[in-house]
Amino acid sequence: MYLDTPPRLIAAEVFSAMPDQFRREGVSTEWADANRPGQPTDCFIEGPSFDAAGNLYIVDIPFGRIFRIAPDGQWSLVAEYEGWPNGLKISRDGRIFVADYRRGILELDVKAGRMLPVLASRNSESFKGCNDLHLASNGDIYFTDQGQTGLHDPTGRVYRLTAGGRLDCLIDNGISPNGLVLDPAETVLFVAMTRDNAVWRLPFMKDGSVSKVGRFCSMFGSGGPDGMTMDRAGRLFVAHVSLGHVFVFAPSGELIARIKSCAGPACTNIAIGGKNNDRLYITESVTGTVMVADIGVLG
């Protein structure tokens, strides 16, 4: 994963944790029964994304909730509905989109506290289970349809919903496609394949299709890469769901830094924030903790 220089170690600290008043202790859910069997699950947070005012929005998958965390770390419930929200992204114009495992792609109406349908199916067929999404500068929405796919069933899909409403299936042989992000030039799409323990690189052709798809990097562990983001320098940040780290890769694919969790091993998703975009916010899903790390040290 690295050549001559070992990766730099960056520590994380707690930014904020879910208040006790919002935790659902002892409550069984169908999502937890399937994805965390036998393990107590009072929350499972994911999908961090900042609005223009510096508020951090996150989701709580098993209980169908969306929270807003103010810059001072205070939590407020924005919406609760019948669904399993997983990924969340806020567009430049302030619209909030959610990849929901049960219901497809939704939009959050913040004022009303309700979810609006954007895309629930493809050709009248339900999705396997949408996981995460990424918004392109032109308004296109890239999203993963993961479901329960894995090495035993490599049929996960990656889609692009264009601003004009056309739905393109970019790949249909994904091994548990999860987090995804475009490079700064928006010519390459990176997709975390959780159960392949790898990040795939999908270069775009002139017609918008992908070709010469390859593994950008490989990892290890009982889980795998989950949420991802990329900075302006083209460095890829990858949250690993079982190793308690966020790994930072140079554009070449070399591992240059690792950010160590201070809360638990389930680092599921990340977002860059701070006044100078020099802070990385990390969700540790099992403990309901949002951590923060200084990535300005990377230069």
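User: In what sense do β24 and strand β25 pair, and over how many bridges?
Analyst: In this predicted model, one of the bridges can be placed by its residues, since Cys267 has Glu284 in β25 as its bridge partner. Taken as a whole, the pairing of β24 with strand β25, which covers residues 279-284, is antiparallel and runs over six bridges.

User: Which strands stand at the edges of the open sheet?
Analyst: The sheet is built from eight strands with mixed pairing, in the order β20-β21-β22-β23-β1-β26-β25-β24, and its twist averages 25° from one strand to the next. A strand with a single partner has one side left without a neighbour in the sheet, and that applies to β20 (225-230) and β24 (267-273).

User: Is Ser16 buried or exposed?
Analyst: Ser16 belongs to strand β1, residues 8-17, and, leaving aside residues up to four places away in sequence, Ser16 touches Ile69, Gly73, Trp75, Gly288, Thr289 and Val290. Its relative accessibility is 8%, and because the cut-off for burial is under 20%, Ser16 counts as buried.

User: Which residue has its backbone oxygen 2.8 Å from a polar atom of the Ser16 side chain?
Analyst: Among the residues that Ser16 touches are Trp75 and Gly73. The backbone oxygen at 2.8 Å from a polar atom of the Ser16 side chain is that of Gly73.

User: How far apart are the C-alpha atoms of Pro37 and Thr162?
Analyst: Pro37 lies in the loop between α1 (30-35) and β2 (45-50), where Pro37 is exposed with a relative accessible area of 54%. Along the chain, Pro37 and Thr162 are 125 residues apart, and the separation of their C-alpha atoms is 37 Å.

Definitions and conventions. Residues are numbered from 1 along each chain as its sequence is written. This is a predicted model: local features need pLDDT of at least 70, side-chain atom pairs count only at pLDDT 80 or more; totals for chains, interfaces and linings use all residues. Side-chain values use heavy atoms; hydrogens and water are left out. Two strands pair if DSSP finds at least two bridges between them. Helices (H or I, at least four residues) and strands (E, at least two) are DSSP runs, numbered from the N terminus. Axes are lines fitted to C-alpha atoms, for helices over the stretch in contact, and angles run from 0 to 180 degrees between N-to-C directions. Buried means under 20% relative accessible area, exposed over 50%, partly exposed in between (1.4 Å probe, protein chains only). A polar contact is a pair of N or O atoms within 3.5 Å; within protein, one must be able to donate a hydrogen and the other to accept it, and residues adjacent in sequence count only if both atoms are side-chain atoms. Contact means heavy atoms within 4.5 Å.
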